[in-house]
Amino acid sequence: RQRQPEVRIRAVRRCTLVSDLAKIKEVYNAAWDKNWGFVPMTDREVNFLAGRLKPVLREGLVWIAETAAEPAAFLLVLPDFNVAIKPLRGRLLGLGLPGFLAHLLGWRQLDRARVVALGLKKSFRGRGLEAVMFARALGCVRQAGFRSCEASWILEDNTPVQRLIELFGGRAYKTYRLFERPI
């Protein structure tokens, strides 16, 4: 943080979400442009996703890093609704419905958060911004009452993020594979 005084790291709030969307889109499209299967997000897609995410957005779980000239990075953490959906076992009407509704209506607190995205523009990588953002978000995760946090879909060649997660006590417990074959 001291080595990068020109970079400001702040939480995205519901009241600033609309103004921050263009910055988040810019970082997203720049950070993932070399990933396999990447397709840039449009303004319409970003607005749609923001509308869907706004009701579940928690203060202190979305962070943005920026300089006076440009956005540098963003981090998105959400409550892990997979925990609430799991008892439904693929059926909307079943024995798991009351538990799901309790989570949906806020009567029962989810105990796990999920790091959905952490993206940095190439020129800002390796400066420690991701560690500062991660530390601040994890502090807010603990303060909000979550007992665990899962980071999702990290490419196996993304060793900087893997090391960051290990630094904070995380471990890999699941591996997904994609295979490609012409038909």
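Confidence to start with. This is a predicted model, and the chain averages a pLDDT of 85, with 92% of the residues scoring at least 70. Among the elements, β2 has the highest mean pLDDT, at 93, and helix α4, residues 97–104, has the lowest, at 68. Please keep that in mind when you look at residues 97–104, helix α4.

Next, the overall layout. There are six helices and five strands in the chain. Going along the sequence, their order is β-α-α-β-β-α-α-β-α-β-α. The C-alpha trace spans about 55 × 50 × 35 Å along its principal axes. For 183 residues, a compact globule would have a radius of gyration near 16 Å; this chain has 17 Å, so the two agree. Of those 183 residues, 37% count as buried. If you take the contacts with a separation of 6 or more, 73% of them are between residues 24 or more positions apart.

On to the interior. In soluble globular proteins, nonpolar side chains tend to be buried together. Here the largest nonpolar core has 29 residues, and the ones with the most contacts inside it are Ile9, Trp63, Leu75 and Val77. Which elements supply at least two residues each of this core? They are β1 (8–11), β2 (62–66), β3 (71–79), β4 (112–120), α5 (129–143) and α6 (159–167). Helix α5 gives the most, with eight residues.

Leu75 is worth a look on the screen. Outside its neighbours within four places in sequence, leucine 75 is in contact with Leu61, Val62 and Trp63, with Val115, Ala117 and Leu118, and with Met133, Phe134 and Ala137. Apart from this core lies another one, of 17 residues, including Ala31, Met41, Ile64 and Leu78.

Now some individual residues, beginning with arginine 10. Arginine 10 is in strand β1. Is arginine 10 buried or exposed? Its relative accessibility is 13%, and the cut-off for buried is under 20%, so arginine 10 counts as buried. Its side chain and that of aspartate 20 are joined by a polar contact of 2.5 Å. Aspartate 20 also appears among the contacts of arginine 10 beyond four places in sequence, together with Thr16, Lys23, Val62, Trp63, Ile64 and Glu66.

Threonine 67 is next, in the loop between β2 and β3. Threonine 67 is buried as well, at a relative accessible area of 17%. What does the side chain of threonine 67 reach at 3.2 Å? The partner is the backbone nitrogen of alanine 69. Leaving out neighbours within four places in sequence, threonine 67 is in contact with Glu6, Val7 and Phe124.

Glutamate 150 sits in strand β5, residues 148–151. Glutamate 150 has a relative accessible area of 11%, which means that this residue is buried. Beyond four places in sequence, glutamate 150 is in contact with Arg112, Ala113, Arg114, Val115 and Tyr173. The C-alpha atoms of glutamate 150 and valine 116 are 8.6 Å apart, with these positions 34 residues apart along the chain as separation.

Asparagine 82 is in helix α3, residues 82–85. At 41% relative accessibility, asparagine 82 counts as partly exposed. From its C-alpha atom to that of arginine 112 is 9.3 Å, and the two residues are 30 apart along the chain.

Last, the aromatics. The structure holds four aromatic pairs. One of them is formed by tyrosine 28 and phenylalanine 38. A pair of aromatic rings is described by the distance of the centres and the angle of the planes. For tyrosine 28 and phenylalanine 38 those values are 6.0 Å centre to centre and 45° between the planes, and the pair is tilted. Tyrosine 28 lies in helix α1, residues 17–31, while phenylalanine 38 lies in the loop between α1 and α2 (43–53), so this pair ties together parts that are 10 residues apart in sequence. Tyrosine 28 has a relative accessible area of 23%, and is therefore partly exposed. Both residues belong to one aromatic cluster, formed by Tyr28, Trp32, Phe38 and Phe74.

That is the tour.

Definitions and conventions: Residues numbered from 1 in each chain as written. Predicted model: local features only at pLDDT ≥ 70, side-chain atom pairs only at ≥ 80, totals over all residues. Heavy atoms only, no water. Core = buried A, V, L, I, M, F, W, Y, C linked by side-chain atoms within 4.5 Å. Buried < 20%, exposed > 50% of the residue type's maximum accessible area, 1.4 Å probe, protein only. Helix = DSSP H or I, 4+ residues; strand = E, 2+ residues; numbered from the N terminus. Contact = heavy atoms within 4.5 Å. pLDDT = per-residue confidence, 0-100. Polar contact = N/O pair within 3.5 Å; in protein donor to acceptor, adjacent residues only side chain to side chain. Phe/Tyr/Trp six-rings, centres within 6.5 Å; stacked < 30°, edge-to-face > 60°. Rg over C-alpha atoms; globule rule 2.2 N^0.38 Å.
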